[in-house]
Amino acid sequence: MVNMGQGGCDKECKGKRVSASKRTSHAIATDVMWAWGWEPQEPYPGAGKQWACECITCGVVAPKAYYVVKNGLGRCTSCSGRVLSDEEARRRMLEAGVEPLVPYSGSRRDAWKSRCRECRSILDPGPSLANIERGQGGCANCATHGFNSAASAYVYLLGHEGLRALKWGIANSERRVINHGYEGWAVLARWNFATGTEARAVEYQIKRWAKDEGLRPAVAASDMRYSGYSETVSLVQVLLDTVWCQIVKFADRDPDVVQPATIKALQSGSR
């Protein structure tokens, strides 16, 4: 006899429901891998299965299990044992939004006196490079401004007339594009999403496409006060229309916000 509301099977079916509730989606798994420095090269196979991923730092491709990386045990062994130059160490700190104020000590574990590129606070003792590589962020004062995958977010496309360059990225609030605006970047378009996970999935596809096309960053990390240099590209390399169409393709729709005057000014400057 089936009791009301209990269902007819309490073994096999219950097990399947529990299993389904614990299953991780491709988007969420990709988000976690990215946070730990890995770029998946194939569809998500499952938490305990080997997943071909590329190290964002050194480019090595290695099999990684999602549950291992999620628990903090899947850092790149190629990177962990490699001695970094002062230049490379500084580049990683700059990309994370902090500007080193003293030379690199040579140890990833040492605190590094820095300045936050967002709020300009002096961080002393500053974050260690190891913490930065773990995705912990650099400035405690700006921690609340970090990207939230669970909150609503958007993908933006910016243009810079002086640099003749484009920049894409993701954000939850207006502060991100406002800060870039101080450096001459203007909004061309934006695509709104219900969650940051959706926005990050689109950003991931843009980055992958740019890499496959051989597009190089238009500026150096040291030239981007508010970080994000790796999401830039020169209009000498690619047309605005080409990048625009790719984002539309990955987002599967036209932008929610378009700035025709800014677009016209950027295109006029290229003639």
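# A guided tour from Arg176

Select Arg176 first: leaving aside residues up to four places away in sequence, Arg176 touches Glu118, Tyr156, Ile170, Ala171, Tyr226, Ser227 and Gly228. The model on display is a predicted one. Arg176 is placed in helix H7. Phe147 lies 29 residues from Arg176 along the chain, and the C-alpha atoms of these two residues are separated by 9.9 Å.

Remain in helix H7, which covers residues 175–182, and select His180. Is His180 buried or exposed? His180 counts as buried, because its relative accessibility is 1%, and the cut-off for burial is under 20%. Beyond its neighbours within four places in sequence, His180 is in contact with Tyr156, Leu158, Lys167, Trp185, Met224, Tyr226 and Ser227. Tyr156 is thus listed for Arg176 and also for His180.

**Strand S7**

Tyr156 leads to the next selection, strand S7, residues 153–160. Eight of the eight residues of S7 are buried, so the strand is largely enclosed by the rest of the structure. On one side of S7 are Ala153, Val155, Leu157 and Gly159, and on the other are Tyr154, Tyr156, Leu158 and His160. Both of these faces are covered.

Which residue of S9 is the bridge partner of Tyr156? The partner is Arg190. S7 and S9 run antiparallel and are joined by seven bridges.

**Strand S8**

Now add strand S8, residues 165–171, to the selection; seven of its seven residues are buried. Ala165, Lys167, Gly169 and Ala171 point one way from S8, while Leu166, Trp168 and Ile170 point the other way. S8 pairs with S7 in the antiparallel sense over seven bridges. Within this pairing, Tyr154 has Ala171 as its bridge partner in S8, and Leu158 stands opposite Lys167. Ala171 has already appeared among the residues that Arg176 touches, and Lys167 among the contacts of His180.

Follow the chain between the two strands: the hairpin of S7 and S8 has four residues between them, and Arg164 takes a positive phi near 55°. Then select strand S10, residues 232–234, which pairs with S8 in the antiparallel sense over three bridges. Leu166 of S8 stands opposite Val233 in S10.

**Helix H2**

Move to helix H2, residues 26–35, where Ala29, Thr30, Asp31, Val32, Met33 and Trp34 are buried. To display what the buried residues of H2 pack against, select strands S1 (38–40), S2 (50–55) and S3 (61–65), together with helices H3 (66–70) and H8 (196–212). Just after H2, Gly37 takes a positive phi of about 90°.

**A surface patch**

For the surface, select Leu101, Val102 and Ile122, which form a nonpolar patch with about 220 Å² of accessible area together. Leu101 is located in the loop between strand S4 (98–100) and strand S5 (114–116). Leu101 counts as partly exposed because its relative accessibility is 33%.

**Confidence**

Finally, colour the model by pLDDT. The protein averages 80, and 82% of the residues score at least 70. Where is confidence lowest, and where is it highest? The lowest is in helix H1, residues 12–22, at a mean of 45, and the highest is in strand S9, residues 186–193, at 96. Over residues 14–22 the pLDDT is below 50, and this stretch has two contacts in the model beyond near neighbours in sequence. Residues 1–7 also stay under 50, with two contacts beyond four places in sequence. Where pLDDT is low, the predicted coordinates should not be read in detail.

Note on methods
Residues numbered from 1 in each chain as written. Predicted model: local features only at pLDDT ≥ 70, side-chain atom pairs only at ≥ 80, totals over all residues. Heavy atoms only, no water. Buried < 20%, exposed > 50% of the residue type's maximum accessible area, 1.4 Å probe, protein only. Contact = heavy atoms within 4.5 Å. Patch = residues over 30% accessible without salt bridge, like charges linked within 9 Å, V, L, I, M, F, W, Y side chains within 5 Å. Areas by Shrake-Rupley, 256 points an atom, 1.4 Å probe, with all protein chains shown as cover. Salt bridge = Lys/Arg side-chain N within 4 Å of Asp/Glu carboxyl O. Pairing = 2+ DSSP bridges. pLDDT = per-residue confidence, 0-100.
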